[in-house]
Number of protein chains: 2
Amino acid sequence: MAAGRPRNFDMDQALDQALRVFWEKGYEGASLPDLTEAMGINRPSLYAAFGNKEELFRKALDRYETGPTAFVARALEEPTARQVADRLLKEGINMVTHPDHPGGCLAVQGALVCGDDAQPIREELERRRKAGEVVIRKRFQRAKAEGDLPADVEPNDLARYVTTVMRGLAVQAAGGATRKELLRVAELAMQAWPSK
Amino acid sequence: MAAGRPRNFDMDQALDQALRVFWEKGYEGASLPDLTEAMGINRPSLYAAFGNKEELFRKALDRYETGPTAFVARALEEPTARQVADRLLKEGINMVTHPDHPGGCLAVQGALVCGDDAQPIREELERRRKAGEVVIRKRFQRAKAEGDLPADVEPNDLARYVTTVMRGLAVQAAGGATRKELLRVAELAMQAWPSK
DNA sequence: GGCATATTGTATCAGTAGGTACAAAATTAA
DNA sequence: TTAATTTTGTACCTACTGATACAATATGCC
């Protein structure tokens with residue numbers, strides 16, 4: 001089979017740059033010139049390689065989930081529910097305030113609300129946020145089955161609590177809060193943990 | 001003084017509609033046609049009465065703060081810090097899930113991140129969020145001076161904690177969480193309150 | 001009524017949004 | 001070397017963005 005002219009950019013590197021732009025400006029706020037400049041490619045190359053803006057965002061989002069947010073899966077492996085929650089908060093803070101990439105969380109600030117055109121993206125992000133909540137809930141359900149949580153505690157509520165705090169932390173980080181400030185918040189948030 | 005042709009719309013009513021659109025779609029996501037249609041006026045009337053899109057947003061934001069978010073000032077009047085926090089969370093939830101207006105919080109979803117043009121708005125919202133945090137902090141500082149909080153507790157941290165949870169609740173509400181779900185979260189969040 | 005003033009509606013502006021046509025360039029297969 | 005294939009770069013498209021010029025209209029004051 002024939003080969004054709006080779007592309008002179010790395011797809012993953014370009015995607016990382018697109019991710020950075022979407023993260024920093026949101027889906028709507030990221031313009032095609034913003035993206036092509038950061039990715040170091042021109043418009044037709046972007047469309048040939050990634051489809052369109054919406055598909056590019058989805059691919060950047062996939063990369064976001066296998067990269068920066070991989071800490072969630074790791075945190076779930078902690079032995080107790082309490083340790084899971086503690087690590088989710090701490091590593092979450094580490095992520096949303098990490099100096100190597102934009103502050104905050106793409107799943108929150110990518111398109112929390114938006115115009116009509118971007119609604120599919122808003123819904124996609126909402127779906128993924130929901131999915132993140134579900135894996136945490138399942139982990140806490142398991143914890144309860146293992147006797148690791150009091151009988152009168154709803155894993156559902158606990159998962160929603162941790163998730164809600166994490167999203168609040170993400171908003172704070174997007175606004176410039178420091179890691180140190182947010183770690184104090186996490187410490188307080190963990191005071192709510194049942195049966196200390 | 002002469003009068004000229006009277007405007008045939010109510011400024012406050014129009015502003016309320018603009019507020020609704022910005023709340024629902026964010027600053028960038030709200031287009032001029034979105035705004036004029038909701039406000040029931042045409043473009044030149046909008047510009048004559050409110051300046052431009054940015055000024056309109058600022059005026060809608062002022063109205064937001066004297067209307068939907070007025071619960072904050074009321075909550076601060078509660079006798080104890082604990083009651084203040086509890087009421088902030090509960091009334092905050094009531095607000096961000098109220099059926100009479102869009103879900104979530106304008107100060108969070110109006111422009112958490114955005115493109116270059118909207119940066120002034122993003123910064124304005126960040127300023128106002130910060131100001132909201134400050135009034136809560138001051139209330140907790142007073143509480144501490146009054147012996148209403150343990151000596152080893154930082155009012156600063158407590159204010160940031162409450163604020164962070166409220167913002168998390170706002171994100172959840174923007175994503176469609178119900179009032180009932182969020183009240184369970186608030187209940188858990190209050191478990192963290194010092195010296196029960 | 002006539003004048004000054006202010007708002008309305010239409011029609012339009014320049015700039016930018018996302019997206020693409022098309023030819024030149026760079027590769028592999030034959 | 002030639003043919004087939006794929007990417008690149010330029011130039012461009014349509015639609016929509018926020019914003020206005022201007023004439024028509026509606027008021028209060030004299």
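1. Start with the rings in chain A of this predicted model. A:Phe22, A:Tyr27 and A:Phe57 are joined into a cluster by ring pairs. A:Tyr27 also has a lysine for company: the charged end of A:Lys53 sits over the A:Tyr27 ring, 4.7 Å from the ring centre.

2. Now look at the matching residue numbers in chain B. The ring centres of B:Phe22 and B:Tyr27 are 6.0 Å apart and the planes meet at 20°, so this pair counts as stacked, the cut-off being under 30 degrees. Are these two residues buried or exposed? B:Phe22 is buried, because its relative accessibility is 0% and the limit is under 20%. B:Tyr27 has a relative accessible area of 8%, so it falls under that limit too and is buried. Here again a lysine end caps the tyrosine: the charged end of B:Lys53 sits over the ring of B:Tyr27, at 4.7 Å from the ring centre.

3. Over all chains, the structure holds 10 aromatic pairs. One of them is A:Trp23 with A:Tyr64, which is edge-to-face, with 4.9 Å from centre to centre and 85° between the planes. What does this pair link? It ties together distant parts of the chain, since A:Trp23 is in helix α1 (residues 11-29) of chain A and A:Tyr64 is in helix α4 (residues 53-66) of chain A, 41 residues apart. Both A:Trp23 and A:Tyr64 are buried.

4. A word on chain A as a whole. You will find 10 helices in it and zero strands, so reading from the N terminus, the elements go α-α-α-α-α-α-α-α-α-α. The C-alpha trace of chain A spans about 65 × 40 × 30 Å along its principal axes. Chain A has 196 residues, and 52% of them count as buried. Take the chain A contacts between residues at least 6 apart in sequence: 66% of these join residues at least 24 apart.

5. On to the DNA. Strand D is surrounded by 25 residues, and the closest are A:Gly4, A:Asn8, B:Leu32, B:Tyr47 and B:Lys53. Of the strand D atoms that come within 4 Å of the protein, 69% belong to sugar and phosphate. B:Lys53 is worth a second look, as it is on that list of closest residues and its charged end also sits over the B:Tyr27 ring.

6. Which helices contribute to the surface near DNA strand D? At least two residues each come from α3 (43-50) of chain A and from α2 (32-39) and α3 (43-50) of chain B. The largest share, three residues, is from α3(B). Sorted by class, this surface has 13 nonpolar, seven polar and five charged residues.

7. For polar contacts to the strand D phosphates, check three spots. A polar side-chain atom of A:Asn42 is 2.9 Å from a phosphate oxygen. An N or O atom in the side chain of A:Ser45 is likewise 2.9 Å from a phosphate oxygen of the strand. At B:Ala30 the contact is made by a polar backbone atom, 3.4 Å from a phosphate oxygen.

8. Last, an arginine to click on: B:Arg129, in helix α8 (residues 119-145) of chain B. Why does B:Arg129 count as buried? Because its relative accessible area is 6%, under the 20% limit. Leaving out residues up to four places away in sequence, B:Arg129 touches A:Val171 and A:Gly175 in chain A, plus B:Ala107, B:Val108, B:Leu112 and B:Arg167 in chain B.

Methods:
Residues are numbered from 1 along each chain as its sequence is written. Chains are lettered from A and ligands numbered from 1 in the order in which they are written. This is a predicted model: local features need pLDDT of at least 70, side-chain atom pairs count only at pLDDT 80 or more; totals for chains, interfaces and linings use all residues. Side-chain values use heavy atoms; hydrogens and water are left out. A residue is near a molecule or strand if one of its heavy atoms lies within 4 Å of it. A polar contact is a pair of N or O atoms within 3.5 Å; within protein, one must be able to donate a hydrogen and the other to accept it, and residues adjacent in sequence count only if both atoms are side-chain atoms. Helices (H or I, at least four residues) and strands (E, at least two) are DSSP runs, numbered from the N terminus. Ala, Val, Leu, Ile, Met, Phe, Trp, Tyr, Cys and Pro count as nonpolar, Asp, Glu, Lys and Arg as charged, and the others, Gly among them, as polar. Rings of Phe, Tyr and Trp (its six-membered ring) pair if their centres lie within 6.5 Å; planes under 30 degrees apart count as stacked, over 60 as edge-to-face and the rest as tilted. Buried means under 20% relative accessible area, exposed over 50%, partly exposed in between (1.4 Å probe, protein chains only). A charge sits over a ring if NZ of Lys or CZ of Arg is within 6 Å of the ring centre and within 35 degrees of the ring normal. Contact means heavy atoms within 4.5 Å.
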